[in-house]
Amino acid sequence: MRAAGLYRQLRSVQGDQGPTLRLDGREVINFSSNNYLGLANHPALAAAAKSAIDRYGCGSGASRLISGNMTLHEELEAKLARFKNTEAALVFNSGFQANIGLLATLAGEGDAILSDALNHASIIDGCRLSKAKTSVYAHCDLDSLETALRQAAAARRRLIVTETIFSMDGDEAPLGEIVELAEKYDAMVMVDEAHGTGVFGANGAGVVAKLGLASRVAIQMGTLGKALGGFGAYVAGSRGLCDLLINRCRSFIFTTSLPPAVMAMALAAIELVQSEPQRRAALQRNCQRLKQGLRGLGFELGESESPILPLIVGDAARCMVLSAALLERGVFAQGIRPPTVPVGTSRLRITSMATHSNDQIHRALNVFEEVKRQWLPTTTS
Ligand SMILES: *Cc1c(COP(=O)(O)O)cnc(C)c1O
């Protein structure tokens, strides 16, 4: 792994998750976080967590179906259902657990899952766990999806699964067209809004809300750990879907429920997302500034219209050299390598935050320029 540039090591963050980080003892500008709205260190979330601890204590003591279903779990699920405009919602301990459990519950032998080629590892593992026949269609390619749907005509049920905003490329799935194909071929649609929630839609509810598709997408999942600044995950959909998961979903049933403080943080975060649209506006402004600046320097950034900008380097070892050169100059942009992304597409994944200042973006662009000249003569367009 070391020889191939694929060896991974943990970095140590001292202090909180802000637009800058104290990383391995040095202050760096943070372009490697999913804390898009700056909520992970927001005082309102901290205050909500503290008062939940005072009132309800620390641990939940058991799984949801034993004695771990507390007032705040129910409050959060009601709030999530309103936020997502669905009949019901169910909290999960993480997005990873939600995806593996959902897919394994909703599809089984005799069923077909149609999965985008760039879907997240947790979706891939969920497909494997389900024992359904999984067809991987070309990334965001409607012809490829339609071919796969035709081939799955004889299956007992068909389930299309896609991210709305792809985690490592930042591009958006053609969800309106996917939903139409699903209706044409009698398939269910499941979306992963890990990177859509909090960022898109008039009230920040995500891409499904932005497109007005809540009634046509059967299963909406997302995480509470990214733009919402806390931890945990949710599934939103019909009451029947949630009841099925409560009865059958092993990653929901067989695990201690999240502590009350975590539920309180999520309640406070949704409140802020809905009442402070200026956070989304600031995020959009910062994304545009960074994107235009990087394009101006000659970097190719793909199709992203989200806070996730992929700067494709190609070779894994070279990507890590570039990331290290940036870090040395105070800019943290994590290199992403296989198996997280396909071989030959190693990249810097550069993410914006609502809380970056103009000065921080300006300083970062100067560093990108310097590093480009020194390390990447071939990427100049
Ligand atoms: C981060 C992520 C997950 C996992 O969510 P966690 O709550 O962090 O476990 C699932 N899907 C996608 C697309 C993600 O980016």
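A residue counts as buried here when its relative accessible area is under 20%, as exposed when that is over 50%, and as partly exposed in between (1.4 Å probe, protein chains only). By that yardstick, 56% of the chain's 381 residues are buried. Keep in mind that this is a predicted model: local features need pLDDT of at least 70 and side-chain atom pairs count only at pLDDT 80 or more, while totals for chains, interfaces and linings use all residues. Numbering runs from 1 along each chain as its sequence is written, and side-chain values use heavy atoms, with hydrogens and water left out.

**The ligand site**
- The ligand has 14 residues around it, each with a heavy atom within 4 Å; the closest are Gly95, Asp192, His195, Thr223 and Lys226.
- By type, that shell splits into 2 nonpolar, 9 polar (Gly goes in this class) and 3 charged residues (Asp, Glu, Lys and Arg are the charged class).
- Helix H3, residues 95-106, supplies the largest share of the shell, with 3 residues.

**Polar contacts (N or O pairs within 3.5 Å)**
- Asp192 puts a side-chain N or O atom 2.6 Å from a ligand nitrogen.
- Gly95 uses a backbone N or O atom, 2.7 Å from a ligand oxygen.
- Thr223 has a polar side-chain atom 2.7 Å from an oxygen of the ligand.
- On its own the ligand exposes 380 Å² (Shrake-Rupley, 1.4 Å probe), and the protein buries 84% of that.

**The chain overall**
- You'll find 13 helices and 13 strands, taken as DSSP runs of at least four residues (H or I) and at least two (E).
- The C-alpha trace spans about 55 × 55 × 40 Å along its principal axes.

Note on methods:
Polar contact = N/O pair within 3.5 Å; in protein donor to acceptor, adjacent residues only side chain to side chain.
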